[in-house]
Amino acid sequence: MSSTEINQASPLLQVQQLSIAPKKTPTRLLVNQVSFSIARGKTTCVVGESGSGKSLTALSIMGLLSKQLVLSAGKVLFNDGLSGEQDLTQLAAEDLRKIRGAKIAMIFQEPMTSLNPVLTVGYQIGESLTTHLGLRGEQLAAKIASLLDMVGIPASRANSYPDELSGGQRQRVMIAMSIACEPLLLIADEPTTALDVTVQAQILKLLDELKTRMNMGMLFITHDFGVVADIADDVVVMFRGEIVESGTKQQVLNHPQHPYTKALLACVPDVEGKNALKPIDYAWLPENQRSQSQANIMSEARL
Ligand SMILES: Nc1ncnc2c1ncn2[C@@H]1O[C@H](COP(=O)(O)OP(=O)(O)OP(=O)(O)O)[C@@H](O)[C@H]1O
Ligand SMILES: [Mg+2]
């Protein structure tokens, strides 16, 4: 087997035993020994209650953890099929910057605030194309137009400012920015939570199509099991910083093993609206440990 074949054989991303804690209280783990992997062309969905560590896990892959936090253990092995496996946690800031936006891109949890209001959307889509691919002038304008087209926005809107677009259009601009350099891995942190269901369905379809067309791996964070059912290949369930269950979509949705996964699934509204807004049943937790999760019931009730 050639080295390229070996490189292709190992997954695109392997998160191994990742732990994150506040610098001030390093023993209070916010993410505790989290491990999962993502293959090219596949989507891994991370689900779990508010505060369970989903965003921190995603941010640590990108090397974007807040300075108040520390990655206390673990590896993030990234295999681009060319350079062999690299542990992103060990890369120099400069090397990580080259990967970020180019080979790994992220759609942030609050996209509405991630766009710069004083720059046109075309300019913002173009930034990473200039930085990473050196595109300028006509070539750059053509690429921006084709990206806007890909996400269903007329190319003429390149000269618009973010506040001249609807919420759904701004979300599409974020997607265009994230896929501009054709990343191998796309991390999407609840990218559709703020959108109405019709737009949400369109965006999910778009991301799923792009994943297939570009053979990207996708890490998709969501509260919504309906979304999981739509787009996941694999599912990771987090609870209080730990993975309580993981497996293929079929395994986790059809044969959940952990009481928390079962409780989450029991709250998914069915077609008749049965279960709608039913709080999660934390009966499986010892009584003295329930209060923290009870506080999250309102966000869980969105399921
Ligand atoms: N900079 C920080 N300093 C201290 N604690 C933090 C910091 N950032 C996040 N946390 C804590 O880490 C935990 C995990 O946060 P994280 O943002 O990963 O949650 P999440 O699963 O993404 O939740 P949500 O579904 O609400 O987005 C939370 O308890 C949060 O309060
Ligand atoms: Mg989050």
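Strand β1 (residues 13-22) pairs with strand β4 (residues 69-79) in the antiparallel sense, and eight bridges hold the match in register. This is a predicted model, so treat the pairing and everything below as a reading of computed coordinates. From that pair we can work outwards to the rest of the sheet, then to a helix that packs on it, a ligand shell, and a few individual residues.

**The sheet**

- Four strands make up an open sheet, ordered β2-β1-β4-β5, with antiparallel pairing.
- The edges are β2 (31-38) and β5, each of which pairs on one side only.
- On average, neighbouring strands of this sheet are turned by 15° against each other, direction ignored.
- As a general reminder, strands of a sheet pair through backbone hydrogen bonds, in either a parallel or an antiparallel way.

**Landmarks along the strand pairs**

- If you would like to trace β1 against β4, start with Val15, whose bridge partner in β4 is Val76.
- Pro22 also has a bridge partner in β4, namely Leu69.
- On the other side of the pairing scheme, β4 is joined to strand β5 (residues 85-87) by three bridges, and these two strands run antiparallel.
- A handy marker here is Phe78, which stands opposite Gln86 in β5.
- The hairpin of β4 and β5 has five residues between the strands, and within this hairpin Gly81 takes a positive phi near 80°.

**Helix α2 and ligand 1**

- Helix α2 (residues 54-61) packs on the sheet and touches β1, β2 and β4.
- The direction of α2 makes about 115° with that of β1.
- Ligand 1 is surrounded by 14 residues, the closest being Ser50, Gly51, Lys54, Ser55 and Leu56.
- Which element gives the most to the shell around ligand 1? That is α2, with three residues.
- Sorted by class, the shell around ligand 1 holds nine polar, four nonpolar and one charged residues.

**Val121, at helix α5**

- Val121 belongs to helix α5 (residues 121-133).
- Is Val121 buried or exposed? Val121 counts as buried because it has 27 C-beta neighbours inside 10 Å, and 20 or more are enough for that label.
- Beyond its neighbours within four places in sequence, Val121 is in contact with Arg157, Ala158, Ser160, Pro162, Leu165 and Val173.
- One of these contacts can be given a distance: the C-alpha atoms of Val121 and Ala158 are separated by 5.6 Å, although the two residues are 37 residues apart along the chain.

**Two positive phi values outside glycine**

- Asn215 has a phi near 55°, a positive value in a residue other than glycine.
- You will find Asn215 in the loop between α8 (197-214) and β8 (217-221).
- Asn215 is exposed, because 12 other C-beta atoms lie within 10 Å and 12 or fewer meet that definition.
- Arg240 is another residue other than glycine with a positive phi, here near 50°.
- Arg240 sits in the loop between β9 (234-239) and β10 (242-248).
- With 19 other C-beta atoms within 10 Å, Arg240 is partly exposed, because the label of buried calls for 20 or more and that of exposed for 12 or fewer.

Definitions and conventions
Residues numbered from 1 in each chain as written. Chains lettered and ligands numbered in written order. Predicted model: local features only at pLDDT ≥ 70, side-chain atom pairs only at ≥ 80, totals over all residues. Pairing = 2+ DSSP bridges. Axes fitted to C-alpha atoms, helices over the stretch in contact; angles between N-to-C directions. Contact = placed C-beta atoms within 7 Å. Near = placed C-beta within 6 Å. Nonpolar A, V, L, I, M, F, W, Y, C, P; charged D, E, K, R; others polar.
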